[in-house]
Amino acid sequence: MNRHGRERIKIFRTLDEIGDRREEREEAPRSRWWVGFGLLVGGVRGEHQALFLLWRLVCPQIGASLFASNIGSGHFVGLAGTGAATGLAVAGFEWNALFLVLLLGWLFVPVYLTAGVITMPQYLKKRFGGKRIRLYLSVLSLFMYIFTKISVGHFSGHEELRGWAIIWFPMTCAWPSPVFPPGGLAALMFTDTIQSFVMIGGSCVLMGFAFNAVGGYQAMFDKYMQALPRQTLSPNPALYNISASCYLPREDSFQMMRDAVVSDMPWPAVILGLSINSLWYWCTDQVIVQRCLAGKNLTHVKAGCILCGYLKLLPMFLMVMPGMISRILYPDEVACVIPEECKRICGTEVGCSNIAYPKLVVSLMPSGLRGLMLAVMLAALMSSLASIFNSSGTLFTMDIYNRLRPQASDKELLIVGRVWILLLVGVSIAWIPVVQAAQGGQLFDYIQSVSSYLAPPIAAIFLLGLFVKRVNEQGAFWGLVGGLAIGMARMIPEFFYGTGSCLFPSTCPRLICGVHYLYFAFILFCLTATIAMGVSLCTSPIPEKHLHRLVFSLRHSKEERVDLDTEEEEEAKQREAARQRRWEHAEMEAARNGRLEQALEVEGEAERRLRIARVGSLLHPKGHVPSWTAFRGPHAGSGAKVGGAANANFTFVK
């Protein structure tokens, strides 16, 4: 095994070892921006940790990567579609994130950095100890990736590229990039920075064309309320009737804060429930936090979060308003209400508002600029999916597979991570029909509803673990289990009965599905926190020696921390040392095997000759001894017959 082979099998187990690599990279600061390009050209690095984490990133890279990882194809389709259907209020989902991303930089990342963690399950492992919480979070996070990110990405990518003759070529080219992500997070951060400029620039161009087509900013507000489809009568009145509320724009379309009871986005739910979902996504999700952990220092991380917050102001103007303009320009398609007509236009009977943004691209932009917008859409799709694939591969290989098979080599971990990604893709594609019909065809509402049923327990445990020292492992685990049970009790019936549409309301019992999903998110958060605190107060607390630099109040502590998972880490180090010794021993044995095989061949030849000589001595008179030096028989390897001609290959001497 040569020197490069030895470097490929190294596994960085501590932050000190990673820090050494960080100092090496300081010697060439100008090359930082070319890391991603070099890795894209040069291929996959050997160390599997390099696939999951890159250090020494600066403010613009962090902010742009956060924005690009968040803004995916689901935003182009979902925000524009919901804007076309319901108005401006959906932009509140984006503006709410402006405050939560600041919490990430000022409250959460400082603790994550002092804790010395790479993944979020690893933080919970250090904070609470035990194995079950880390395993629970890893498995649940992977399920949420499937239901809320990967399947949504594939569906929205299909909607964006609908009707383009060139669709299969770019999709075929894009397919290997997330499955075999060269360079890992290094390449992703580099490409995210570039793709952020591409997305913003292309979206600004389309926004300009859209406002020019509708007659300006004020004309959009004047014409939106008159954007009605021409076909509003039911072709089969015996089967269903079409109410005016199903095709008329909402009266509160231009209001951000809507009625607290009867509206589609109640303002208390947006403030409370949406903040819970945003807390999970921006402060505890592996895809987002991983970018901040790769920062040069905490100052750059905070500045990157501020930059991302400013960029989150843009979707209102780049996506929501163009979606509303698309309804004005193409009401018969974007605002269709007759199920049979919608099925013909976009392939689903619940509505076609999701085609609002792609329709603008195809209809408004000149031929030359369509390629630019195609690049923008593919950039968003590839950026978000590649980030998700990279982070899901990290969770599965490091937190699940590596625990089941600690002796796995780096090459094996890389292969397993890629195979796992292929499995995720298959499952998410099978889930697309559910995404298409959920929440009346409103993609963004589907994303937020699923998050509201699964994310609040995670947000509650992270928030308590970060700020309340009294919470222990028993409280955190049973809080997560209880919260998951409550969330699934709402989610399963909703998908079983269906969310329905304006024409065909859902038959789900009102007791279960009657509460708005954002209100339910806040209720679930409170119930999880109550369970966690109640169980913790009834059991023994965690000694403070285990909490230094793991909670916010002790983030500056200089005391030595005794990690709850120290014993397991020591065992892992011992297993790694044993594996290293086995590799070195195998290398030494391989070097010896060449000489040993040669010696065995010589010894075997001597033994064969001795046996032949003994046979010859039995076949000839006493005193005739076979000559070893004269033996040159052509059949020595096949033995000698016991018979008359057996001595034909021997020369005897007196």
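**Salt bridges, an enclosed cavity and buried sites**

The side chains of K469 and E544 meet in a salt bridge, with an N to O distance of 3.3 Å. This contact, like every feature below, is taken from a predicted model. The pair links distant parts of the chain, 75 residues apart. K469 sits in the loop between α24 (456-467) and α25 (473-497). E544 sits in the loop between α27 and α28. Both partners keep some accessibility. K469 is partly exposed, because its relative accessibility is 34% and the class runs from 20% to 50%. E544, at a relative accessible area of 42%, is also partly exposed.

In total, the model contains 14 salt bridges. Another joins D563 to K126, with the closest N and O atoms 3.2 Å apart. D563 belongs to the loop between α27 (517-537) and α28 (566-619), whereas K126 belongs to helix α8 (residues 120-128), so the pair ties together parts that are 437 residues apart in sequence. Both D563 and K126 fall under the 20% cut-off for burial. The relative accessibility of D563 is 13%, so D563 counts as buried. K126 is buried as well, with a relative accessible area of 5%.

A third pair is formed by D264 and R258, whose side chains meet in a salt bridge at 2.8 Å, N to O. The partners fall into two accessibility classes. D264 is partly exposed, with a relative accessible area of 22%. R258 is buried, with a relative accessible area of 1%. Both residues also belong to a network in which salt bridges with shared partners join R250, D252, R258 and D264.

Internal space was examined next. The model holds seven cavities of 30 Å³ or more. The largest cavity has a volume of about 450 Å³. It is lined by 29 residues, and the closest to its centre are N70, H75, K149, Y281 and I447. Several helices contribute to this lining. Those that give two or more residues are α5 (59-70), α6 (73-86), α7 (92-115), α9 (132-160), α14 (267-284), α21 (367-404) and α23 (443-454). The largest share comes from α14, which supplies six residues. By class, the lining of the largest cavity comprises twelve nonpolar, 14 polar and three charged residues.

A buried loop position lies ahead of one of these lining helices. L57 is located in the loop between α4 (48-52) and α5. With a relative accessible area of 2%, L57 is buried. L57 also pairs with a position remote in sequence. The C-alpha atoms of L57 and A294 are separated by 6.0 Å, although the two residues are 237 residues apart along the chain.

Helix α19 (residues 339-346) shows a one-sided pattern of burial. Its buried residues are P339, C342, I345 and C346. They cover an arc of only 125° around the axis, which puts them on the same side of α19. The residue that follows α19 is G347. The phi of G347 is positive, near 90°.

Terms used: Residues numbered from 1 in each chain as written. Predicted model: local features only at pLDDT ≥ 70, side-chain atom pairs only at ≥ 80, totals over all residues. Heavy atoms only, no water. Buried < 20%, exposed > 50% of the residue type's maximum accessible area, 1.4 Å probe, protein only. Helix = DSSP H or I, 4+ residues; strand = E, 2+ residues; numbered from the N terminus. Arc of directions from axis to C-beta. 1 Å grid on protein atoms, 1.4 Å probe; cavity = no way out; pocket = protein on both sides within 12 Å on 5 of 7 lines; lining within 4 Å. Points joined across faces, edges and corners; volume = space filled by probe spheres on them. Nonpolar A, V, L, I, M, F, W, Y, C, P; charged D, E, K, R; others polar. Salt bridge = Lys/Arg side-chain N within 4 Å of Asp/Glu carboxyl O.
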